[in-house]
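Reader: I'd like to work through a model with you, feature by feature. Could you show me how to read it as we go?

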Amino acid sequence: QHQSTQSLSLSGKRVLITAGPTREKIDPVRYFTNPSSGKMGFALARQAAALGADTTLIAGPVDLDTPRGVNRVDVVTAQDMYEQVLSRYDASDLVIKSAAVADYRPKQVFDQKMKKSPGDYTVEMERTHDILQELGERKRHQYLIGFAAETQDLEYYGEQKLVKKNLDAIVMNNIAEQGSGFSTDTNASVYLAKDGKRVDWPLMSKDELAANILQMASEALVGEES
Ligand code: CTP
Ligand code: CA
């Protein structure tokens, strides 16, 4: 089948995207989170909808407008995100997990505001679900793309995640690099597919990066059909 460099349509495809941080409460006035802006996932959802996909965006707490034509579901915790993603997984053709999900949450959550007392305080944390890992384990027809945020040994850790989580492709970002990261408007990335196909993308806007990621994904989806 002929594949041009222009964007392929995602019409008739169901695309599921996650975005933003999660928030893990310890008491009514305190929580653990990270600086993810959600911009990458929102850009991906905007682009997927523009390509004609039936697009659902599972969004952590972020201050962003819902892209046109996107079905948005707001969540707060990693557990909420896990439930919302898993319940839509079977019906999805393409899943892109750009959310910065908390790896741990406080083991005990207090109903009342904690009062301070002299001396140190230690918070015991427990693991959340690794959503992407579980999606990889349950994968059937879906094309599954993950992200890797690293501050060192980008390609080593990124490739490990691609294999361990049974992904079809991974987008690796060195978040220690100037202009790349959780809350920036731009990213420099390496895209690696499980068949070994690899692209190095220079620093570009998250909108441009989203277009490139969906280009790779739609080529792969069309390739699977032909
Ligand atoms: N991810 C997820 N659920 C989690 C943690 C991560 O779905 N509880 C997903 C992220 O959305 C991302 C990918 O896994 O697509 C990689 O996230 P990252 O934080 O880079 O890697 P981890 O596997 O969490 O490993 P570590 O933080 O130790 O590097
Ligand atoms: Ca993590």
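**Starting from the core**

Author: Let's begin with one residue in this predicted model. Ile-145 touches Val-95, Ile-96, Leu-167, Asp-168, Ala-169, Ile-170, Val-171, Ile-213 and Ala-217, leaving aside residues up to four places away in sequence.

Reader: Which residues have the most contacts inside the largest nonpolar core?

Author: Ile-145 is one of them, along with Ile-17, Leu-44, Ala-48, Met-81, Ile-170 and Ile-213, in a core of 53 residues. Helix 1, residues 39-50, supplies the largest share of this core, with 7 residues.

Reader: Okay, let me zoom out. How many helices and strands does the protein chain have?

Author: There are 5 helices and 12 strands. The radius of gyration is 18 Å, close to the 17 Å that the globule rule gives for 226 residues, so the chain is as compact as a globular protein of that length. Along its principal axes, the C-alpha trace spans about 70 × 35 × 30 Å.

Reader: And what share of the residues in the chain is buried?

Author: Buried residues make up 37% of the 226. As for contacts with a separation of 6 or more, 62% of them are between residues 24 or more positions apart.

Reader: Back to helix 1, then. Is it largely enclosed or largely open?

Author: To judge that, count its buried residues, meaning those with 20 or more other C-beta atoms within 10 Å of their own. In helix 1, 11 of the 12 residues pass, so the helix is largely enclosed by the rest of the structure. Among the buried ones are Lys-39, Phe-42, Arg-46 and Gln-47. The cover over its buried residues includes strand 1 (14-19), strand 4 (54-59), strand 6 (94-97) and helix 5 (206-225).

Reader: How far does helix 1 reach from its first C-alpha to its last?

Author: It reaches 16 Å, close to the 16 Å expected at 1.5 Å a residue. Just after helix 1, Gly-52 takes a positive phi of about 100°.

Reader: Which residues that are not glycines have a positive phi?

Author: Asp-153 has one of about 45°, and Asn-166 has one of about 55°. Asp-153 sits in the loop between strand 9 and helix 4 (154-164), while Asn-166 is in the loop between helix 4 and strand 10 (169-174). With 11 C-beta neighbours inside 10 Å, Asp-153 counts as exposed. Asn-166 has 16 such neighbours, so it counts as partly exposed.

Reader: Now strand 1. What does Arg-14 touch?

Author: Arg-14, which lies in strand 1, touches Ala-53, Asp-54, Ala-91, Ser-92 and Asp-93, again leaving aside residues up to four places away in sequence. The C-alpha atoms of Arg-14 and Ser-92 are separated by 5.0 Å, although the two are 78 residues apart along the chain. Arg-14 counts as partly exposed because it has 17 C-beta neighbours inside 10 Å.

Reader: Last one: how many residues surround ligand 1?

Author: The shell has 15 residues, and the closest are Lys-97, Val-101, Ile-131, Leu-132 and Gly-146. Two elements give two or more residues to the shell: helix 3 (131-137) and strand 9 (143-150). Strand 9 gives the most, with 4 residues.

Reader: And how do the residues of that shell divide by character?

Author: They split into 8 nonpolar, 3 polar and 4 charged.

Conventions
Residues are numbered from 1 along each chain as its sequence is written. Chains are lettered from A and ligands numbered from 1 in the order in which they are written. This is a predicted model: local features need pLDDT of at least 70, side-chain atom pairs count only at pLDDT 80 or more; totals for chains, interfaces and linings use all residues. A nonpolar core is a set of buried Ala, Val, Leu, Ile, Met, Phe, Trp, Tyr and Cys residues joined through C-beta atoms within 7 Å. Two residues are in contact if their C-beta atoms, placed from the backbone, lie within 7 Å. The radius of gyration is taken over C-alpha atoms; the globule rule is 2.2 Å times the number of residues to the power 0.38. A residue is near a molecule or strand if its C-beta atom, placed from the backbone, lies within 6 Å of it. Ala, Val, Leu, Ile, Met, Phe, Trp, Tyr, Cys and Pro count as nonpolar, Asp, Glu, Lys and Arg as charged, and the others, Gly among them, as polar. The expected span of a helix is 1.5 Å times one less than its number of residues.
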